[in-house]
Amino acid sequence: MDNSKEYIGKILEAEIDRPMGTEHPKFPESIYPINYGYIPNTVSGDGKELDCYILGVFEPVKTFKGKCIAVLHRVNDNDDKLILAPEGKDYSDDAIRALTEFQERFFESIIIRKP
């Protein structure tokens, strides 16, 4: 695992490159039910910027500023995903799994939170 868990609890600004309702670039049959993006100027285990799922926003957005409530660590893939939500909102592990299942069902993962 890389340094992604250091972001838990921090307020971050995300660029949304796959807004809610858009198609996955490689799998057009897969539609994003939530906003998905990345944190500029970061590096993930795959060498690209850290990806993030945006929870608690119910319309397509271009940018988002919110709190990192957890990290979804893929055990069989070197690509962690930050879980961002509006300040003051939290989601259970079960809710995170349900909301990200459209994409995460293809990977084995664990959800990491601050102790």
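1. A good place to start is how the chain folds back on itself: taking contacts in the protein chain between residues at least 6 apart in sequence, 58% join residues at least 24 apart. Please keep in mind throughout that this is a predicted model.

2. Now the elements. The protein chain holds one helix and six strands, and from the N terminus on they follow the order β-β-β-β-β-α-β. The radius of gyration is 13 Å, close to the 13 Å that the globule rule gives for 115 residues, so the protein chain is as compact as a globular protein of that length. The C-alpha trace spans about 35 × 30 × 30 Å along its principal axes.

3. On burial and surface, 45% of the 115 residues in the protein chain are buried. About 6400 Å² of the chain is exposed, and carbon and sulfur atoms supply 51% of that area.

4. Next, charge. There are 15 positive and 21 negative side chains in the protein chain. The centres of these two sets lie 3 Å apart. Salt bridges come to a count of seven, and the next points look at some of them.

5. The pair I would open on screen is K81 and D51, a salt bridge whose closest N and O atoms are 2.6 Å apart. This pair links distant parts of the chain, as K81 belongs to strand β5 (residues 81-85) and D51 to strand β3 (residues 51-54), 30 residues apart. Are these two partners buried or exposed? K81 has 2% relative accessibility and therefore counts as buried. D51 is buried too, with a relative accessible area of 14%.

6. K81 has another partner to look at: the side chains of D79 and K81 meet in a salt bridge, at 2.8 Å from N to O. Both D79 and K81 are buried. These residues also belong to a wider set, for a network of salt bridges links D51, R74, D77, D79, K81 and E104. If you colour those six side chains together, the network is easy to follow in the viewer.

7. Now compare the setting of R113 and D90, whose side chains meet in a salt bridge of 3.3 Å, N to O. This pair, too, links distant parts of the chain: R113 lies in the segment after β6 (109-112), while D90 lies in the loop between β5 and α1 (93-104), 23 residues apart. R113 is partly exposed, with a relative accessible area of 28%. D90 has 56% relative accessibility, so D90 counts as exposed, the cut-off being over 50%.

8. My last stop is V71, which sits in strand β4 (residues 63-74). Its relative accessibility is 0%, so V71 counts as buried. Which residues is V71 in contact with, leaving aside its neighbours within four places in sequence? They are S4, K5, I8, D80, K81, L82, I110, I111 and I112. K81 is thus a familiar name here: K81 is in contact with V71 and also forms the salt bridge with D51.

9. One spacing to check with the distance tool: V71 and G88 are 17 residues apart in sequence, and their C-alpha atoms are 17 Å apart in space.

Methods: Residues are numbered from 1 along each chain as its sequence is written. This is a predicted model: local features need pLDDT of at least 70, side-chain atom pairs count only at pLDDT 80 or more; totals for chains, interfaces and linings use all residues. Side-chain values use heavy atoms; hydrogens and water are left out. Helices (H or I, at least four residues) and strands (E, at least two) are DSSP runs, numbered from the N terminus. The radius of gyration is taken over C-alpha atoms; the globule rule is 2.2 Å times the number of residues to the power 0.38. Buried means under 20% relative accessible area, exposed over 50%, partly exposed in between (1.4 Å probe, protein chains only). Contact means heavy atoms within 4.5 Å. Accessible areas come from the Shrake-Rupley method with a 1.4 Å probe; for residues, only the protein chains shown count as cover. Lys and Arg count as positive and Asp and Glu as negative; His and the chain ends are not counted. The place of a charge is taken as NZ of Lys, CZ of Arg, CG of Asp or CD of Glu. A salt bridge is a side-chain nitrogen of Lys or Arg within 4 Å of a carboxyl oxygen of Asp or Glu.
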